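The paragraphs below walk through one protein model, going from a single contact outward to the sheet, the core and the whole chain. Please keep the sequence and the structure in view while reading.

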Amino acid sequence: MTRDDLAREMNEAASRGDFERARALKEELERVENGVPDATRESHSSLFDRIRNKEQEGGEPSRGVVSTAATPEAARARAASMSSASRERSSRTLILVAAASIALGIAAVAFTGARLVTTQAEISKIESQTSDYLTVTSELAAGSVITEGDLKVEKMPRAYVPSDAAGKGDAEDIVGKTTTAKQTPGAPISLSTISASSAPGSLPTAIAEGHLGLMVALDTASGASPLIAVGDQVTVLGAVSGSQEVTALCSNVRVLAIDGNLSGNSETGYATVTLELTPEQAEAVAGAERIHLASQPRVIGGGDAQ
């Protein structure tokens, strides 16, 4: 490295405030200048001394040199400037965090609202496909007499209940009657499993306790009438054997079946009717001739045959 290169780097190091580097370059320059005139050596030495003295005195360095020394006022100014910048950055950060939180809150509210609307629509759809059915509050064994306290109403999908499931309005048709099958909580009660219900599963289950089911053949004129239906209450008329006079044999008699059908009526007429009778009534009707049936008003809650 030439003398001029060393002098230039020394000046640059001093300008940066790197005085340690500048001193090292000065020593190198002095070694190089051992063979140069004293005037040149003195010029380079005085240049470095002036730079060093200016730095130690806190004054401005020579032209082209930036001082690293700072006055207390300048330090305080820089600290105040840095504090202000830091506060501004913190404020911007808080604003960004708040904006992000608000955006997330709005998105959460929008999502919750959309989900709520969807849920309500699903609930409405499910409710439109359900109805109220009767079930039991606790398990009942076959042969148990059902009381009002044994029943409760639950909503169930119509597609998954039997066709003869007892609805909310069928409690009167069940209370006080005997179940012919085990009843389980949560399962709808089938009327066909209730003795003497309006929709029995078989003739034996259609007959109330203490009664008999008697099939009778009707007089031809009576048999042509399609107006009587299963479940109707009738008065039985007939002539005592050997007599021509027709009298009322018994009343409030329930029709159990028409031509063997346990439900509905016959639109084309019928020849036989099964009646629910006490043993005494069964004897009287069985010995009569020319049996006729007279319809009577339905007795709410059922009536005792007389």
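A polar contact is a pair of N or O atoms within 3.5 Å, and within protein one of them must be able to donate a hydrogen and the other to accept it. The model shown here is predicted. In it, the side chains of Asn252 and Gln296 are joined by a polar contact of 2.2 Å. Asn252 belongs to strand 5, which covers residues 246-258. Its relative accessible area is 17%, and buried means under 20%, so Asn252 counts as buried. The backbone at Asn252 also deserves a look: phi is near 55°, a positive value in a residue other than glycine.

A second residue of this kind is Arg290, which is not a glycine but has a positive phi of about 50°. Arg290 is found in strand 7. Its relative accessibility of 30% falls between the limits of 20% and 50%, and therefore Arg290 is classed as partly exposed.

Both of these strands can now be placed in a sheet. Strands of a sheet pair through backbone hydrogen bonds, either parallel or antiparallel. Here an open sheet of 5 strands has the order 3-6-5-4-7, and the pairing is antiparallel. Strand 3 and strand 7 are the edge strands, each pairing on one side only. From one strand to the next, the twist averages 45°.

The pairings can be followed across the sheet, starting at strand 3. Strand 3 (residues 212-217) runs antiparallel to strand 6, and 6 bridges join the two. Within this pairing, Val216 stands opposite Val273 of strand 6. Strand 6 also pairs with strand 5, in the antiparallel sense, over 4 bridges. Here Val255 has Leu275 of strand 6 as its bridge partner, and Ala257 stands opposite Thr274, also in strand 6.

Next comes the pairing of strand 5 with strand 4, again antiparallel, with 6 bridges. Leu237 faces Ala248 of strand 5 across this pairing, and the bridge partner of Ala239 is Val246 in strand 5. Strand 4 and strand 5 form a hairpin with 5 residues between the strands, where Gly242 takes a positive phi near 90°.

How is strand 6 placed with respect to the rest of the structure? Of the 6 residues of this strand (residues 272-277), 5 are buried, so strand 6 is largely enclosed by the rest of the structure. Leu275 gives a closer view of these surroundings. Leaving aside neighbours within four places in sequence, the contacts of Leu275 include Leu212, Leu214 and Val216, as well as Val234 and Val236. Val253, Val255, Leu256 and Leu293 are also among them.

Leu275 has a part in the largest nonpolar core as well. This core has 19 residues, and those that touch the most other members are Val236, Leu275 and Leu293. At least two residues of the core come from each of strand 4 (233-240), strand 5, strand 6, helix 7 (279-286) and strand 7 (288-295). Strand 5 gives the largest share, 4 residues. Apart from this core lies another one, of 10 residues, including Leu151, Ile174, Ile189 and Ile194.

Helix 7 has already appeared as a contributor to the larger core. Where does helix 7 lie? Helix 7 lies across strand 3, strand 4, strand 5, strand 6 and strand 7, and runs at about 15° to strand 3.

The chain as a whole comes last. The protein has 7 helices and 7 strands, arranged along the sequence in the pattern α-α-α-α-β-β-α-β-α-β-β-β-α-β. Of its 306 residues, 30% are buried. Among contacts with a separation of 6 or more, 63% are between residues 24 or more positions apart. The accessible surface comes to about 18400 Å², and carbon and sulfur atoms account for 55% of it.

Technical notes
Residues are numbered from 1 along each chain as its sequence is written. This is a predicted model: local features need pLDDT of at least 70, side-chain atom pairs count only at pLDDT 80 or more; totals for chains, interfaces and linings use all residues. Side-chain values use heavy atoms; hydrogens and water are left out. Buried means under 20% relative accessible area, exposed over 50%, partly exposed in between (1.4 Å probe, protein chains only). Contact means heavy atoms within 4.5 Å. Accessible areas come from the Shrake-Rupley method with a 1.4 Å probe; for residues, only the protein chains shown count as cover. Two strands pair if DSSP finds at least two bridges between them. A nonpolar core is a set of buried Ala, Val, Leu, Ile, Met, Phe, Trp, Tyr and Cys residues joined through side-chain atoms within 4.5 Å. Axes are lines fitted to C-alpha atoms, for helices over the stretch in contact, and angles run from 0 to 180 degrees between N-to-C directions.
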